[in-house]
Amino acid sequence: MDRKTMKRKTRAGTGASFAGSGLRVVYGARSTSFGKRNSLEKLREKSGRRRFLLPAVLLAIAAVLAAVFLFILQYFHVENIYVEGNLHYTSDEIIQMVTGQRFGDNSLYLALKYRDRGIQDIPFIQTMDVDVLSPDTIKITVYEKSVAGYVKYLDRYMYFDRDGIVVEASVTKTEGIPEITGIDFSQVVLYEALPVENQDIFREILSITQILSKYGLSADKIYFDDTGEMTLYFGDVRARLGSEDNMEEKVARLQQLLPSAEGKKGVFRLENYSGSGENVSFELDG
């Protein structure tokens, strides 16, 4: 082997090769390791940037959500509330029922909560609808159960509707609803009709309560005797109305007479009053 050949072999073994005037460099194992180490460092830098970027993004999202939440609380805060249809509860009580819970003063929350459904399971109320009129104004419409009177049974006030169906049982007496006495029943079952022999009595109760309401009167108690004749109680004053004949004329005359009996105890005798102008006697209690 000549010297030129040996020189070419030696240069090839050290990783350098010359061909004419050109130079070609071939990297060995050490150079490859350095490249890998450089790539790993770049990956670590990217990973570090990602670890920093993720919390920043989450923090920005949380800040935006907090801002939106505060905007909703302030912009949809209820300032004006209208209540209609309520008799057994005051407007303040109705408002407390609707807005007393958390976020209850937010119109957007109320609109979503009561969308396509009302408030139920409240004594004497069939349902309540909540309408959002504007971001700061809502209207509460109350639909009460039709209550004609009540009877006492087992230390409870059992309220019934115009058909004699018991709609509520309560330990609290509600003003403006008359107690019905003189009717016999063996038991009272909630959401069932009062088991009385004469079912027509409920029609009479409904009729008299409607007439009383027409003339601005509210009896504390309505008593039916064995013959079905009626007596109304207004505190210490009673009014014997007798049969159903000329009932509206009797109530109209009673409206005129009641102020004259203020502070007295006695009974107006209206059984035979026909509205023709005859006198009505008032008998003082002995």
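Modeller: Buried means under 20% relative accessible area, exposed over 50%, and partly exposed in between (1.4 Å probe, protein chains only). The model is predicted, so local features need pLDDT of at least 70 and side-chain atom pairs count only at pLDDT 80 or more, while totals for chains, interfaces and linings use all residues. Residues are numbered from 1 along each chain as its sequence is written, and side-chain values use heavy atoms, with hydrogens and water left out.

Colleague: Which residues of helix α3 are buried?

Modeller: Helix α3 covers residues 91-99 (helices are DSSP runs of H or I, at least four residues, and strands of E, at least two, numbered from the N terminus). Its buried residues are Ile94, Val98 and Thr99.

Colleague: Why do the buried residues of α3 line one face of the helix?

Modeller: The view to take is down the axis of α3, with directions drawn from the axis to the C-beta atoms. The buried residues line one face because these directions fall within an arc of 110°.

Colleague: Which exposed residues does the face of α3 turned away from its buried side carry?

Modeller: The buried residues of α3 pack (heavy atoms within 4.5 Å) against β3 (80-84), α4 (107-113), β4 (125-134) and β5 (137-144). The face turned away from that buried side carries Asp92 and Gln96.

Colleague: How far apart in space are Pro135 and Tyr75, C-alpha to C-alpha?

Modeller: Pro135 sits in the loop between β4 and β5 and is partly exposed, with a relative accessible area of 28%. Leaving aside residues up to four places away in sequence, Pro135 touches Tyr75, Phe76, His77 and Ser107. Although Pro135 and Tyr75 are 60 residues apart in sequence, their C-alpha to C-alpha distance is 6.6 Å.
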